[in-house]
Structures are given as structure tokens and as C-alpha cells.
Amino acid sequence: MLPALAMGLVGLVWAWPALALCPKDVGDAIAPVTTSPELRPAHLGIAVETLAGEVIYHQDAEQFFIPASNVKLFTTAAALHHLGPTYRIRTSLYGRVQQGLTSLRVVGRGDPTLGPQQLRTLARQLHGQGIRRVSQLLADDSYFQEPAVHPNWEWEDVQAAYGAPVNGLILNENAVTLTLTPTAPGHPLGISWSDPTAVDSWSIRNSTTTATADEAATVGVERALAAATLYLRGQLPQGGAPDTTDLAIPDPGRYFLEHLRQALLETGIAVGATTLTREPVALEDSELAWVESPPLATLLVPTNRDSHNLYAEVLFKTLGATQAVPSETAIENILATLGIAPEQIVLVDGSGLSRHNLATPQALVDVLQIMHGHPQGRVLRQSLAVAGRSGTLRHRFGQTPVANRFYGKTGAVTNNFSLSGYLYPPDHEPLVVSLIINHADHPGRVLRPLIDRIVITLAQLQPC
């Protein structure tokens, strides 16, 4: 049965010629794409099967590819299977009272949704218990024992918000927006932050200037490799639009600690010494306050639909933490229990940002087929982007036979592009599709339309 989201097709007019395509003719039908000059230096993998596993078309389906963000399909499937859709991530304040003074310990477990409102909630819970002074505030950031910054991520990625560090004490998605604004000609650009306290996270070297109104904008923001130093270069024309850059917070545990301290002070709780530790702390204290994330089913939506790396990495590391093994071991063990052959995947992170991840198109099709019959399969499918409608697919497949009929996960890292998901052709049983292009020498604006042409062709299948 076609999922409810696809029922909106009634009355839709497609600006695309209809074809009568039989499964045996798929190879010939997509040959103009698979043999196109843009793909000659690239590596193309295709796996198209029915939900039951009948092969419609394969091309290097069992070869390794860099899957980019299609890795999130493995991560979210494993998380749903192991943790369940109602799992929530808890942030706790533990404490003990000695001689009228309260010692507090905050323990974060990687809630990616936590923001200032949740910190105020924690502070109000303490205030409601009559706590007015904290002699020692300890931030325990040891829940994830793996590095907050993945060692296999590229430097250009870890500077940006989409490559933010992943630790136990996350606040504001461990990211902040820097805005540069033109002032008067010859003067430096003005600097402002989405969170004013973030300025304390960096040392700033501002060599920008405001140009005359008829000059071009050439702004660049770079972070030093060995220090939390930002180098601001280039120019903006007077009267021109501001320039914004989303940056990863370099020391998220300390950033969290300072914001919690401020929340306590604003609630009327005095705070003495503050300490951040990344080593596990064993204390005899009681949980005094806590907040929880939305359920896992809700967290999967930004993970898959919007391809949010931080959410995916939190789930990946949570699988490791709950099993007390490295995260890559945890996810491969869980996927093996689901029936994903270990030799079909090599996963080093949960988001697909690392170029060290490897997977076959067959493995991606397998996980989607398995999850379709899984008790939580509907939850996974509802977390995916919908063609022409939502998430990373909202601007793709509009006014084609695929609009509202494809639920999928996109992927892109430098020179590598992927798309996997469920396709519901109007005149054929549902399909599971995985398409991956690796080592291309063309940008996404050239290669994504080629991927889309293959999916549009498949949507015109008929049972013949």
C-alpha cells in the first residue's frame, strides 16, 4: 500500500512523458545516463530490487563505495532496533549537601536538542528544592569516551557547524553563527554572534575591510589548525548584505558549563568554583534535577530528513556507550543481527562525513528491505525525506512521476554523491533503490540530475 504521504498525488499534473517500461529493459532505458560523458571517470553503483528481494537492475551493486550520508540509514536502523523508538537521552544534575552548601555534578549523555530553555528548567528544579548556593559545579563530559572531534574528518569539515564536535554536554548543537557587517569604507567589518558569549571561545584576527559600494564581496573565515583562532579576511561593500558563517564551537564542554552557570545565577542560585572533567567521576550523590530529549522516533527526523550530522553521531556514539564497546563495533554487531553482511560495510562514523566509510549499494538496499518488515519500519520510513516535498529532497523531483512517491536519504561529500530509498511507482510494486557515484570530477549540480533521471525512469516501470 502506498504510504499516506504519497496520497497527495490525486490531481497532480506531471510535466514528464509517460513510458511503458518493463523490468528487463531498465538497463537500456538508463544507458543514456550510465554512459554519459559526465560519468566516464566516475564509479557508478546501482541496486534496484523489489521489497521481497527480486533484482530489477544491478550495476556494481556488491562493490565498495563511499556512501556519504547514506551511512545514516545504517545508524538510524541500528538505533531503532537496539534502543527502540521511545528511547530518550537524559541530562542529569546530581548533588549532595554538606554544611548547607550544595555540590553539583552535571552529566550529559549527548542530547542534541538541548538549549538554554532546558538549562533554565534544570535551574528552576534546583531552586524549587530550596537550593540557593552551589559551592562546586562539576561538568562531567565523560559519557562518550571517543574523541569529540572525529580523527578521520577533514579539517574544512570540523571548522563548520555541520562538522561540530560530538560530546556528552551539547548545547545549541555545538555551533554558533558569526555575522560580518559592512561599516564605513576603509573600516573593518562589524562582528556579531548569534550567541554573544561565543566570542569567548576564540581569539579573533580581523583583517577585513569595508569596500566602496561598487566593489565585490570577498569574505573568508578560517580557523587555525592548532588553536581556537579565527582569521577574518576580505571585504564587503558599503551598504551590502551581511555575510554569515556557521561555526563549530571549539570547546563545547566548557561552553556548556558556562551557560549552565549563567542559568543558575539568573535563577537566584549563587555558584562558586566550576570544573570541567572528561574523566568518569564516581561520587555518592543523588539525582536532583533532570531533562530528557524527545523520543528517538522524533530525533530520527532531523537525522535522516535533514541529514543532520550531529544527531547521527550522537546516535552512533550512544550505541557504543550503551554497549560499552567502540561505536563502530556496536553498530556492526547490531546490523549483523539484522542480517546485514559484515563484509558489505566498513563504518567509522555514524553520519557519513568520513571518507573512510565504505558500503555496497546492495547493503543499503538490504537494510531498507529489512527495515520495511521490521516492527519499527514505519518509524524509519517516516523519518526520510520525501521527493519534491521535504528535507533534502524538497527541491528535487518536482512535477515528475517521482514527486511524493520516493522516500529517501541523500548523500554528498566531495566528489561523491548518493541516494537510497523506497520508490512507489504508479504502475509497479514498490522498489528499493540505491544509487552511488564516487570519484566524480563534476559538481553536484551536474551529477544530482543524472541520479534523478534514473529514479524518474524507474518510476515508470510496469509489470510486463
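A residue is called buried here when its relative accessible area is under 20%, and that cut-off will serve at several stops of this tour through what is a predicted model.

Begin by selecting Phe 397 and Phe 406, both of which are buried. Show their side chains and look at how the two rings face one another: the centres lie 6.2 Å apart and the planes meet at 45°, so this pair is classed as tilted.

Next, select Trp 193 and Trp 202, where the ring centres are 5.2 Å apart and the planes stand at 10°, so that this pair is stacked. Trp 193 has a relative accessibility of 13% and therefore counts as buried, while Trp 202, with a relative accessible area of 8%, is buried as well. The model holds 4 aromatic pairs by the rule applied here.

From there, move to Arg 90 and Trp 290 and display both side chains, since a charged group is the thing to look for at this stop: the charged end of Arg 90 sits over the ring of Trp 290, at 3.9 Å from the ring centre.

Finally, switch to a cartoon view and select strands S7, S6 and S13, which form an open sheet in that order with antiparallel pairing. Strand S7, covering residues 190-193, and strand S13, covering 243-248, are the edge strands, each of them pairing on one side only. Neighbouring strands of the sheet are turned against each other by 25° on average, with direction ignored. Between S6, residues 175-181, and S13, there are 6 bridges, and the two strands run antiparallel; to see one position along them, select Thr 177, which stands opposite Asp 246 of S13.

Terms used. Residues numbered from 1 in each chain as written. Predicted model: local features only at pLDDT ≥ 70, side-chain atom pairs only at ≥ 80, totals over all residues. Heavy atoms only, no water. Phe/Tyr/Trp six-rings, centres within 6.5 Å; stacked < 30°, edge-to-face > 60°. Buried < 20%, exposed > 50% of the residue type's maximum accessible area, 1.4 Å probe, protein only. Lys NZ or Arg CZ within 6 Å of the ring centre and 35° of its normal. Pairing = 2+ DSSP bridges. Helix = DSSP H or I, 4+ residues; strand = E, 2+ residues; numbered from the N terminus. Axes fitted to C-alpha atoms, helices over the stretch in contact; angles between N-to-C directions.
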